[in-house]
Amino acid sequence: MHIRKDDQVEVIAGDDKGTPSSRRIAKVLRAIPSKNKVVVQGVNRVYKHMKPSQKNPQGGRLSKEMPVDVSNVMLFCPKCNRGVRQGARFTAEGRKERYCKKCGQGLGTLGPKKPAHAEAAKAAPR
Ligand SMILES: [Zn+2]
């Protein structure tokens, strides 16, 4: 899946999507790759009605984000100031990196360094 926990994303579809004048940028709280879903802060929030219990003696309404389909969000690029399509490449030290396909901005590295990939990155023009 192309979105991970703690990513900043723009919500582009669904009930909580933003508009061009009011973009909806939020943090991913949880990624669920097996279901292709993500839980995004403040998005798809539902109220759960709770009976009073030991843990929650007052009972009442509990607000909770529910998972949304990962296709409803795009990775946020700070340089473009919007959700963008992302690509993957290797950095000079051989670490996998996601980048913005629009402006080329790096959007964070993933995983360990791999020297073999460093060689490939040097050989390939950026
Ligand atoms: Zn960008």
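Strands are DSSP runs of at least two residues, marked E and numbered from the N terminus. In this predicted model, the loop between strand E1 (8-11) and E2 holds arginine 23. Arginine 23 is partly exposed, because its relative accessibility of 37% falls between the 20% and 50% limits. Its side chain and that of glutamate 10 are joined by a polar contact of 2.4 Å. Beyond the neighbours within four places in sequence, arginine 23 is in contact with Glu10, Gly18, Asn81 and Arg82. Asparagine 36 lies 13 residues from arginine 23 along the chain, and the C-alpha atoms of the two are separated by 23 Å.

The strands form an open sheet. Six strands take part, in the order E6-E3-E2-E1-E7-E8, and their pairing is antiparallel. Strand E6 (68-69) and E8 stand at the edges. Each has a single partner strand, so one side of each is left without a neighbour in the sheet.

Two pairings were examined in detail. Strand E2 (residues 25-32) and E3 run antiparallel and are joined by four bridges. Valine 28 stands opposite valine 40 of E3. The hairpin of E2 and E3 has four residues between the strands. In this hairpin, asparagine 36 takes a positive phi near 55°. E3 is also joined to E6, by two bridges, and these strands run antiparallel as well. Here lysine 37 has aspartate 69 in E6 as its bridge partner.

Glycine 42 follows in the loop between strand E3 (37-40) and strand E4 (45-50). What is the relative accessible area of glycine 42? The value is 21%, so glycine 42 counts as partly exposed. The cut-off for buried is under 20%. Isoleucine 25 is 17 residues away from glycine 42 along the chain, and their C-alpha atoms are separated by 9.9 Å. Leaving aside neighbours within four places in sequence, glycine 42 is in contact with Asp16, Arg24 and Glu65.

The last of these contacts leads to strand E5 (residues 60-65), where glutamate 65 is found. Glutamate 65 has a relative accessibility of 17% and therefore counts as buried. A polar atom of its side chain lies 2.7 Å from the backbone nitrogen of glycine 42. The side chain of glutamate 65 also makes a polar contact of 2.8 Å with the side chain of arginine 45. The contacts of glutamate 65, apart from neighbours within four places in sequence, are Leu29, Val39, Val40, Gln41, Gly42, Val43, Asn44 and Arg45.

A UniProt record covers the later part of the chain. The unreviewed entry lists residues 43-105 as "domain: Large ribosomal subunit protein uL24 C-terminal". Over these residues, the chain is 51% strand and 0% helix. The C-alpha atoms at the two ends of residues 43-105 are 26 Å apart.

A zinc ion is also present in the model. Which protein atoms are the donors of the zinc ion? They are the SG atoms of Cys77, Cys80, Cys100 and Cys103, at 2.2 to 2.3 Å from the ion. The angles among the four donor atoms are 104 to 113°, and the site is tetrahedral. Along the chain, the donors follow the spacing C-x2-C-x19-C-x2-C. Cysteine 80 lies in the loop between strand E7 (73-77) and strand E8 (82-84), whereas cysteine 100 lies in strand E10 (residues 96-100). The pair therefore ties together parts that are 20 residues apart in sequence. Are these two cysteines buried or partly exposed? Cysteine 80 counts as partly exposed, at 23% relative accessibility. Cysteine 100 is buried, with a relative accessible area of 0%.

Glutamine 86 completes the description. This residue is found in strand E9 (residues 86-90). Glutamine 86 is buried, because its relative accessible area of 18% is under the 20% limit. A polar atom of its side chain lies 2.7 Å from the backbone oxygen of histidine 2. Not counting residues up to four places away in sequence, glutamine 86 touches His2, Ile3, Leu75, Arg98, Tyr99 and Lys101.

Methods:
Residues numbered from 1 in each chain as written. Predicted model: local features only at pLDDT ≥ 70, side-chain atom pairs only at ≥ 80, totals over all residues. Heavy atoms only, no water. Buried < 20%, exposed > 50% of the residue type's maximum accessible area, 1.4 Å probe, protein only. Contact = heavy atoms within 4.5 Å. Polar contact = N/O pair within 3.5 Å; in protein donor to acceptor, adjacent residues only side chain to side chain. Donors = N, O, S within 2.8 Å, 3.2 Å for Na, K, Ca; no water. Tetrahedral: all angles 85-135°; square planar, octahedral: opposite > 155°, others 65-115°. Pairing = 2+ DSSP bridges. UniProt positions renumbered as here; feature names shortened; annotations may be inferred.
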